[in-house]
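Visitor: I'd like a quick walk through this one, pocket and rings included. Can you put it up?

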Amino acid sequence: MSRTLLIVKPDATKRNLIGHIVSRLEKARFKIVEMKMLKLKKSQAREFYAVHQGKHFLDSLVKFMCSGTIVPMALEKENAVKDLRALIGATDPSKADCGTIRFEIARDIEKNSVHASDSDANAKSEISFFFDN
Ligand code: CMP
């Protein structure tokens with residue numbers, strides 16, 4: 001078993017899609033082991049997305065991630081990181097495969113409804129960013 005982090009982003013929480021996303025995750029056999037709702041402060045969003053320091057989209061991304069409620073959750077499954085990335089689809093929803101969560105509900109490359117960790121090492125640090133264990 002391995003763990004990964006998913007965040008339901010403000011564009012999805014505003015459209016009442018938390019339950020829909022949870023249902024997609026559970027149907028795909030992910031076990032939700034931690035979950036909470038919160039609003040990020042700008043300093044927290046900058047810290048979480050520190051890897052994107054210097055990118056042209058960072059300021060807009062930080063503003064967006066602080067614009068409403070988010071729902072981070074730690075998920076458990078065999079091959080959790082790889083399987084979750086496959087389930088959510090490409091960052092840009094216009095390039096996401098049919099049937100993926102982003103293909104189905106994301107609005108654009110920024111308001112793409114969900115975040116998922118991209119490696120086991122990042123999953124560990126992203127889970128500990130939001131949860132205490
Ligand atoms: P996420 O998987 O959370 O990782 C970084 C986020 O930056 C990404 O999803 C998008 O919400 C946002 N973003 C905005 N523009 C871009 C871009 N051109 N390339 C990658 N990510 C972008």
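Guide: Before we start, helices and strands here are DSSP runs, numbered from the N terminus. Bear in mind that this is a predicted model.

Visitor: What volume does the largest pocket have?
Guide: Let's place it first. Of its 24 lining residues, Y49, H52, L61, T91 and H115 are the closest to the centre. As for the volume of the largest pocket, it is about 620 Å³.

Visitor: Which element supplies the largest share of that lining?
Guide: The elements that each give at least two residues to the lining are α3 (42-48), α5 (80-88), β4 (114-116) and α7 (120-130). The largest share is 4 residues, and they come from α7.

Visitor: How many residues of the lining are nonpolar?
Guide: Sorting the lining by class, you get 7 polar and 7 charged residues. The nonpolar ones number 10.

Visitor: On to the rings: what kind of aromatic pair do F48 and F130 form?
Guide: There are 4 aromatic pairs in the structure. For F48 and F130, the centres are 5.5 Å apart and the planes make 50 degrees. Stacked needs planes under 30 degrees apart and edge-to-face needs over 60, with the rest in between, so this pair counts as tilted.

Visitor: How many residues apart are F48 and F130?
Guide: This pair links distant parts of the chain, with F48 in helix α3 and F130 in helix α7. Along the chain, they are 82 residues apart.

Visitor: Is F130 buried or exposed?
Guide: The cut-off for buried is under 20% relative accessible area. F48 passes at 9%. F130 has 6%, so F130 is also buried.

Visitor: What kind of pair do F129 and F130 make?
Guide: F129 is partly exposed, with a relative accessible area of 26%. The ring centres of F129 and F130 lie 4.9 Å apart, and their planes meet at 75 degrees. Because that angle is over 60 degrees, the pair is edge-to-face.

Visitor: Which residues do the ring pairs link into a cluster?
Guide: We've already met F48 with F130, and F129 with F130. Y49 belongs to the cluster too. The full set is F48, Y49, F129 and F130.

Visitor: Which residue's charged end sits over the ring of F64?
Guide: Two lysines are worth a look here. K77 has its charged end over the ring of F30, 5.6 Å from the ring's centre. Over the ring of F64, at 5.3 Å from its centre, sits the charged end of K111.

Technical notes:
Residues numbered from 1 in each chain as written. Predicted model: local features only at pLDDT ≥ 70, side-chain atom pairs only at ≥ 80, totals over all residues. Heavy atoms only, no water. 1 Å grid on protein atoms, 1.4 Å probe; cavity = no way out; pocket = protein on both sides within 12 Å on 5 of 7 lines; lining within 4 Å. Points joined across faces, edges and corners; volume = space filled by probe spheres on them. Nonpolar A, V, L, I, M, F, W, Y, C, P; charged D, E, K, R; others polar. Phe/Tyr/Trp six-rings, centres within 6.5 Å; stacked < 30°, edge-to-face > 60°. Buried < 20%, exposed > 50% of the residue type's maximum accessible area, 1.4 Å probe, protein only. Lys NZ or Arg CZ within 6 Å of the ring centre and 35° of its normal.
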